[in-house]
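Reader: I have a chain I'd like to go through with you before I get back to the bench. Could you take me through the structure piece by piece?

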Amino acid sequence: MPKIVDHDHKRKMIAETAWKIIETEGIEKASIRRIASEAGMPTGAIDQTFILKLQ
């Protein structure tokens with residue numbers, strides 16, 4: 001049985017994490033690697049989440 005993923009929740013969590021980093025440390029510190037690390041997910045998950053949204 002395939003894993004059910006709530007893409008809207010993942011997008012929200014990624015966006016909130018990115019804003020937290022930007023607000024506290026500036027946009028130059030908000031790399032994909034850093035955002036993924038803070039959100040507790042691999043960098044590929046961020047790519048997949050936003051690529052799926054664009055399709």
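Reader: Where is E28 found?
Author: In this predicted model, E28 is found in the loop that lies between α1 and α2.

Reader: And is E28 buried or exposed?
Author: E28 counts as exposed, because its relative accessibility is 62%, and the cut-off for calling a residue exposed is over 50%.

Reader: How far is E28 from M41, in sequence and in space?
Author: The two are 13 residues apart in sequence, and their C-alpha atoms are 20 Å apart in space. With D8 as the partner, E28 has a separation of 20 residues in sequence and 26 Å in space, again from C-alpha to C-alpha.

Reader: OK, D8 then. Which element is D8 in?
Author: D8 has its place in helix α1, which covers residues 7-25. D8 is exposed, with a relative accessible area of 57%, and its side chain makes a polar contact with the side chain of R11 at 3.2 Å.

Reader: Is that R11 buried or exposed?
Author: R11, which is also found in helix α1, counts as buried because its relative accessibility is 16%, and buried means under 20%.

Reader: What else does the side chain of R11 reach?
Author: The R11 side chain reaches the backbone oxygen of H7 at 2.9 Å. H7 lies in helix α1 as well, and H7 is partly exposed, its relative accessible area being 29%.

Reader: How far apart are the C-alpha atoms of H7 and D47?
Author: They are separated by 12 Å, although H7 and D47 are 40 residues apart along the chain.

Reader: Let's stay in α1 for a moment. What does the side chain of T24 reach?
Author: The side chain of T24, a residue of helix α1, reaches the backbone oxygen of K20 at 2.9 Å. T24 is exposed, with a relative accessible area of 58%, and between T24 and R34, which are 10 residues apart in sequence, the C-alpha distance is 13 Å.

Reader: Switching to α2: which residues are buried there?
Author: In helix α2, made up of residues 32-39, the residues I35, A36 and A39 are buried. Seen down the helix axis, the buried residues of α2 fall within an arc of 100 degrees, so they line one face of the helix.

Reader: And what's on the other side of α2?
Author: R33 and S37 are there, and both of these are exposed.

Reader: Which residue follows α2?
Author: That is G40, and its phi is positive, near 75 degrees.

Reader: Now the inside. Which residues make up the largest nonpolar core?
Author: The largest nonpolar core has nine residues, namely I14, A18, I21, I35, A36, A39, M41, A45 and I46. The elements that contribute two or more residues to this core are α1, α2 and α3, the last of which covers 43-54. The buried residues of α2 mentioned earlier, I35, A36 and A39, are thus among the members of this core.

Reader: What does the UniProt record say about residues 14-46?
Author: An unreviewed UniProt entry carries the annotation "domain: HTH tetR-type" for residues 14-46. In the model, the end C-alpha atoms of that span lie 7 Å apart, and the span is 73% helix and 0% strand.

Reader: Zooming out, how many helices and strands does the chain have?
Author: The chain has three helices and zero strands, and from the N terminus on, its elements run α-α-α. Along its principal axes, the C-alpha trace of the chain spans about 40 × 20 × 15 Å.

Reader: What percentage of the residues in the chain is buried?
Author: Buried residues make up 25% of the 55 residues in the chain. The accessible surface of the chain comes to about 4400 Å², and 58% of that surface belongs to carbon and sulfur atoms.

Reader: One last thing: what share of the contacts comes from residues 24 or more positions apart?
Author: Among the contacts in the chain with a separation of 6 or more, residues 24 or more positions apart account for 41%.

How values were computed: Residues are numbered from 1 along each chain as its sequence is written. This is a predicted model: local features need pLDDT of at least 70, side-chain atom pairs count only at pLDDT 80 or more; totals for chains, interfaces and linings use all residues. Side-chain values use heavy atoms; hydrogens and water are left out. Helices (H or I, at least four residues) and strands (E, at least two) are DSSP runs, numbered from the N terminus. Buried means under 20% relative accessible area, exposed over 50%, partly exposed in between (1.4 Å probe, protein chains only). A polar contact is a pair of N or O atoms within 3.5 Å; within protein, one must be able to donate a hydrogen and the other to accept it, and residues adjacent in sequence count only if both atoms are side-chain atoms. The arc is that of the directions from the helix axis to the C-beta atoms. A nonpolar core is a set of buried Ala, Val, Leu, Ile, Met, Phe, Trp, Tyr and Cys residues joined through side-chain atoms within 4.5 Å. UniProt positions are given in the numbering used here, feature names are shortened, and annotations may be inferred rather than shown by experiment. Contact means heavy atoms within 4.5 Å. Accessible areas come from the Shrake-Rupley method with a 1.4 Å probe; for residues, only the protein chains shown count as cover.
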